[in-house]
Amino acid sequence: MTNLLPAITGSNVIYGMGMTMSYEQLLIDQEIVKMTRRILQGIPVNKDTLALDVIKAVGPAGNYLAQSHTMKYMRQELSTTNLINRRMRESWEKAGSKRIDQVANEQARDILENYKVTPLPDDVKKRIHDIVVEGEEEAEELARFNAKKNL
């Protein structure tokens with residue numbers, strides 16, 4: 001979670017994801033980045049999200065979890081993950097008690113075995129080609145300039 005503080009301060013370059021060259025770690029890091037992005041969205045504070053009418057209706061000892069307002073915002077605000085298991089321990093044990101690295105390994109193997117590349121649209125391919133050609137032309141021009149300068 002060391003990416004959280006630079007992200008909160010506005011850094012636009014945060015690196016290190018998957019640095020161990022581990023597919024499993026890359027997928028775990030992806031989950032962390034996803035959670036960090038959710039944090040960066042912030043929490044909206046307005047008349048509806050404050051829910052003062054719900055607070056008045058339910059009262060200090062009431063059940064807020066049973067309120068449709070709570071469920072609506074809980075689902076909207078909840079950070080979902082593919083690898084982190086948030087089930088109760090009994091459910092986790094019934095599902096095989098897999099650690100996060102084991103789940104990540106299974107997911108990585110599935111991706112490697114089954115991922116189908118979606119081809120880029122022709123206009124995107126052409127734009128990429130044009131950028132490469134432009135870069136090569138600039139490099140050649142710079143090389144000619146440097147060659148003349150060194151004469």
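**Entry 1. Helix α2 and E31**

I began with E31, which lies in helix α2. The model before me is a predicted one, and I kept this in view throughout. I asked whether E31 is buried or exposed. E31 has a relative accessibility of 3%; because residues under 20% are called buried, E31 counts as buried.

I then looked up the separation of E31 and K47. Along the sequence they are 16 residues apart. In space, their C-alpha atoms are 31 Å apart.

**Entry 2. The largest pocket**

I turned next to the largest pocket and recorded its space as about 190 Å³. Which residues line the largest pocket? I listed M1, T2, N3 and P6, then V13, I14, Y15, G16 and M17, and finally D29, I32 and V33.

I also asked which element gives the largest share of this lining. Helix α2, residues 23–41, does so with three residues. By residue class, the lining of the largest pocket holds eight nonpolar, three polar and one charged.

A general remark belongs beside this entry. Empty space left between atoms is revealed by rolling a probe the size of a water molecule over them.

**Entry 3. A nonpolar patch on the surface**

I looked up a nonpolar patch on the surface and found that M1, L5, I8, I39 and L40 form it. Their accessible area together is about 520 Å². Two helices, α1 (4–8) and α2, each supply at least two residues of this patch.

I noted that M1 belongs to the patch and is also listed in the lining of the largest pocket.

I examined I39 separately. I39 is placed in helix α2, and its relative accessibility is 43%. I39 therefore counts as partly exposed.

**Entry 4. Positive phi angles**

I searched for positive phi values in residues other than glycine and wrote down two residues. The phi of A51 is near 55°. For S97 the value is about 50°.

Where does A51 lie? I located A51 in the loop between α3 (47–50) and α4 (52–58). With a relative accessibility of 6%, A51 counts as buried.

S97 lies in the loop between α6 (89–94) and α7 (100–114). The relative accessible area of S97 is 28%, so S97 is partly exposed.

**Entry 5. Salt bridges**

I asked how many salt bridges the count comes to. The count is five salt bridges, and I followed up three of them. The general idea is that side chains of opposite charge can pair when their charged atoms come close.

In the pair E93 and R89, the side chains meet in a salt bridge at 3.0 Å, N to O. Why are E93 and R89 separated by about one helical turn? The reason is that they are four residues apart in helix α6. E93 is partly exposed at 40% relative accessibility, whereas R89 is exposed, with a relative accessible area of 58%.

The side chains of R99 and D101 also meet in a salt bridge, with 3.0 Å from N to O. R99 has a relative accessible area of 47% and is partly exposed. D101, at 32% relative accessibility, counts as partly exposed.

The third pair that I followed is D130 and K126, whose closest N and O atoms are 2.9 Å apart. Both D130 and K126 lie in helix α8, residues 122–149. They are four residues apart, about one turn of that helix. D130 counts as partly exposed, with 28% relative accessibility.

**Entry 6. Helix α8 and the segment after it**

I stayed with helix α8 and looked up R144, which has its place there. R144 counts as partly exposed at 49% relative accessibility. R144 and Q102 are 42 residues apart in sequence, and I recorded 54 Å between them in space, C-alpha to C-alpha.

I closed with N150, found in the segment after α8. Is N150 buried or exposed? N150 is exposed, with a relative accessible area of 66%. Between N150 and P60 there are 81 Å from C-alpha to C-alpha, and the two are 90 residues apart along the chain.

Technical notes:
Residues numbered from 1 in each chain as written. Predicted model: local features only at pLDDT ≥ 70, side-chain atom pairs only at ≥ 80, totals over all residues. Heavy atoms only, no water. 1 Å grid on protein atoms, 1.4 Å probe; cavity = no way out; pocket = protein on both sides within 12 Å on 5 of 7 lines; lining within 4 Å. Points joined across faces, edges and corners; volume = space filled by probe spheres on them. Nonpolar A, V, L, I, M, F, W, Y, C, P; charged D, E, K, R; others polar. Buried < 20%, exposed > 50% of the residue type's maximum accessible area, 1.4 Å probe, protein only. Patch = residues over 30% accessible without salt bridge, like charges linked within 9 Å, V, L, I, M, F, W, Y side chains within 5 Å. Areas by Shrake-Rupley, 256 points an atom, 1.4 Å probe, with all protein chains shown as cover. Salt bridge = Lys/Arg side-chain N within 4 Å of Asp/Glu carboxyl O.
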